[in-house]
Amino acid sequence: MAYDRNNVFAKILRGEIPCKKVFEDDWALAFHDINPQAPVHVLVVPKGEYVSLDDFTANASEAEIAGFFRAVGQVARELGVTGPGYRALSNVGHDGQQEVPHLHFHIFAGRRLGRMVARAE
Ligand code: AMP
């Protein structure tokens with residue numbers, strides 16, 4: 001799947017639409033999810049143009065991968081959620097029900113988060 005430069009996170013990265021920023025470094029931007037599913041729901045996105053975790057792990061440089069994953073952990077630490085715990089999750093593709101085609105990790109925290117996935121319907 002080719003990267004779509006008009007996806008909403010690309011627009012946020014370019015500053016074309018606003019976000020509630022919580023963290024930024026050379027590799028990643030983190031901001032509050034517009035439709036939070038937990039008391040803490042933050043998205044961490046890499047600065048590079050990668051559709052998904054699949055695209056990123058296949059095509060990103062070692063520096064981008066290290067920088068991005070360090071940022072995911074740092075965001076959680078800065079949010080103060082590492083003590084009680086949190087969930088980091090990345091949806092990929094159709095069955096993962098990924099909506100925005102720019103790699104992102106969700107960080108959920110602030111309550112007991114329940115089962116990892118819903119039971120089969
Ligand atoms: P996913 O289904 O993993 O692709 O999740 C996409 C997430 O992006 C959802 O949780 C949305 O609520 C969130 N989202 C969509 N548009 C925005 C936006 N403009 N700012 C912040 N979060 C957004």
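Tutor: A polar contact is a pair of N or O atoms within 3.5 Å. Keep in mind that this is a predicted model.

Student: OK, ligand first. How far is the polar side-chain atom of His-104 from an oxygen atom of the ligand?

Tutor: That distance is 2.8 Å. The pair is within 3.5 Å, so it counts as a polar contact.

Student: And Asp-33, what's the distance from its polar side-chain atom to a ligand oxygen?

Tutor: For Asp-33, 2.5 Å.

Student: Which ligand atom does the backbone of Ile-34 approach?

Tutor: A nitrogen atom. A backbone N or O atom of Ile-34 lies 3.1 Å from it.

Student: How much of the ligand's accessible area does the protein cover?

Tutor: The protein covers 85% of the 510 Å² that the ligand has on its own.

Student: How many residues surround the ligand, and which are closest?

Tutor: There are 16 around the ligand. Asp-33, Asn-91, Glu-99, His-104 and His-106 are the closest.

Student: Switching to packing. How many residues are in the largest nonpolar core?

Tutor: 19 residues. Among those with the most contacts inside this core are Ala-30, Phe-56, Phe-68 and Ile-107.

Student: Which elements each supply at least two residues of that core?

Tutor: Strand 2 (28-32), strand 3 (40-46), helix 3 (62-79) and strand 5 (105-109). Helix 3 gives the largest share, five residues.

Student: What does Ala-30 touch, beyond its neighbours within four places in sequence?

Tutor: Its contacts include Val-22, Phe-23, Val-42, Val-44 and Val-75.

Student: What lies apart from the largest core?

Tutor: Another core, of seven residues. Phe-9, Leu-29, Phe-31 and Leu-43 are among them.

Note on methods:
Residues are numbered from 1 along each chain as its sequence is written. This is a predicted model: local features need pLDDT of at least 70, side-chain atom pairs count only at pLDDT 80 or more; totals for chains, interfaces and linings use all residues. Side-chain values use heavy atoms; hydrogens and water are left out. A nonpolar core is a set of buried Ala, Val, Leu, Ile, Met, Phe, Trp, Tyr and Cys residues joined through side-chain atoms within 4.5 Å. Buried means under 20% relative accessible area, exposed over 50%, partly exposed in between (1.4 Å probe, protein chains only). Helices (H or I, at least four residues) and strands (E, at least two) are DSSP runs, numbered from the N terminus. Contact means heavy atoms within 4.5 Å. A residue is near a molecule or strand if one of its heavy atoms lies within 4 Å of it. A polar contact is a pair of N or O atoms within 3.5 Å; within protein, one must be able to donate a hydrogen and the other to accept it, and residues adjacent in sequence count only if both atoms are side-chain atoms. Accessible areas come from the Shrake-Rupley method with a 1.4 Å probe; for residues, only the protein chains shown count as cover.
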